[in-house]
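The following exercises concern empty space inside a protein and the helices around it. Each task is followed by a worked solution.

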Amino acid sequence: MSVDWNALTPTAALAGGVLIGSAAVVFALFNGRIAGISGVLGGLLDPVKGDLGWRVAFVLGLVAAPLAYAVFASVPGPRIDAGWGELVIAGLLVGIGTRYGAGCTSGHGVCGLSRLSLRSLVATATFMVAGFATVFVVRHLIGA
Amino acid sequence: MPILTSLLAGLVFGIGLILSGMADPAKVLGFLDLAGRWDPSLALVMAGAVGIGLLGFAIAGRRTASFLGLPMRLPTTRHVDGRLVGGSLLFGIGWGLAGFCPGPALVALGMGQAKAAIFVGAMLAGMGVFELLGRRAASSVAKA
């Protein structure tokens, strides 16, 4: 393992993390809910009356974030190397997996760990290991 | 008012994702590439987020009503089961394939990235599969 010192962005990472944590805390204190994006989306697919507004608003906030960001700084373009086939498979796995697993990096990783939840610790450790393993297989075994 | 706070939370969360580099799949994959040139930035993002989260959720966890008078809906399920682990495994694999998880994918969609749209479409389809298959047997917390 070699650390990519050129890529490491400690200040931006910490600052961004603080914003993410703050958003999750505000959401919990004001809306009384976990800012778990897979859960927010999941509820949109199985709509319950009166339960849609806040979900649409949260998703809208995420989608509009680049516009808000652009007011202060240029938005860095994401580097998406995956091909369409990979994106479809990845999307399906993330969609099914986050629902069965009852959460993702925001729900389990940020909120769950902050709540000292054992369930979230297990979930986070599991998807992290799966992520590490997948990248290892794809980049270093298959060589894609 | 809850709609507004939800929108704000989504916005700030998304801005945090952009600032931290987590909306950039290449950067996320750089963290998951332990055997390659490793970018530890994501760990710092989590540290920043959970740092704030620990304080905020300690307060939130003690409340029965949110600041807006809404019922607190923080999950109370404690048990770790096969669904949690299995789902997290699938999610982690999908995450490691394209470097996208739900939040960042929505932010990238907001940047007008066609590839993000493909991922989001597939992700919603995957969630739809869960709704068809898993709703009967899923725990109540999965629909939080």
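**Exercise 1.** State how many cavities of 30 Å³ or more the whole structure holds, and describe the lining of the largest one.

Solution. Step 1: the search finds two such cavities; a cavity is a set of points on a 1 Å grid over the protein atoms alone where a 1.4 Å probe fits but cannot get out. The model is predicted: local features need pLDDT of at least 70 and side-chain atom pairs pLDDT 80 or more, while totals for chains, interfaces and linings use all residues. Residues are numbered from 1 along each chain, chains are lettered from A in the order written, and side-chain values use heavy atoms.

Step 2: the largest cavity has a volume of about 180 Å³, the space filled by probe spheres set on the points. Of its 16 lining residues (an atom within 4 Å of a point), those closest to the centre are A:T105, B:L17, B:M22, B:M46 and B:C101.

Step 3: by class, 13 lining residues are nonpolar, three polar and none charged.

**Exercise 2.** Determine whether helix 5 of chain B is mostly covered or uncovered.

Solution. Seven of its nine residues are buried (under 20% relative accessible area, 1.4 Å probe, protein chains only), so the helix is mostly covered. Among the buried residues are B:P102, B:L106 and B:V107.

**Exercise 3.** Describe how helix 5 of chain A meets helix 3 of chain B.

Solution. Their axes, lines fitted to C-alpha atoms over the stretch in contact, come within 7 Å and cross at roughly 40 degrees. Helix 5 of chain A is therefore oblique to helix 3 of chain B (not under 35, over 145 or 65 to 115 degrees).

Note on methods
On a 1 Å grid over the protein atoms alone, a cavity is a set of points where a 1.4 Å probe fits but cannot get out, and a pocket is an open set with protein on both sides within 12 Å along at least five of seven lines; lining residues have an atom within 4 Å of a point. Ala, Val, Leu, Ile, Met, Phe, Trp, Tyr, Cys and Pro count as nonpolar, Asp, Glu, Lys and Arg as charged, and the others, Gly among them, as polar. Buried means under 20% relative accessible area, exposed over 50%, partly exposed in between (1.4 Å probe, protein chains only). Helices (H or I, at least four residues) and strands (E, at least two) are DSSP runs, numbered from the N terminus. Axes are lines fitted to C-alpha atoms, for helices over the stretch in contact, and angles run from 0 to 180 degrees between N-to-C directions.
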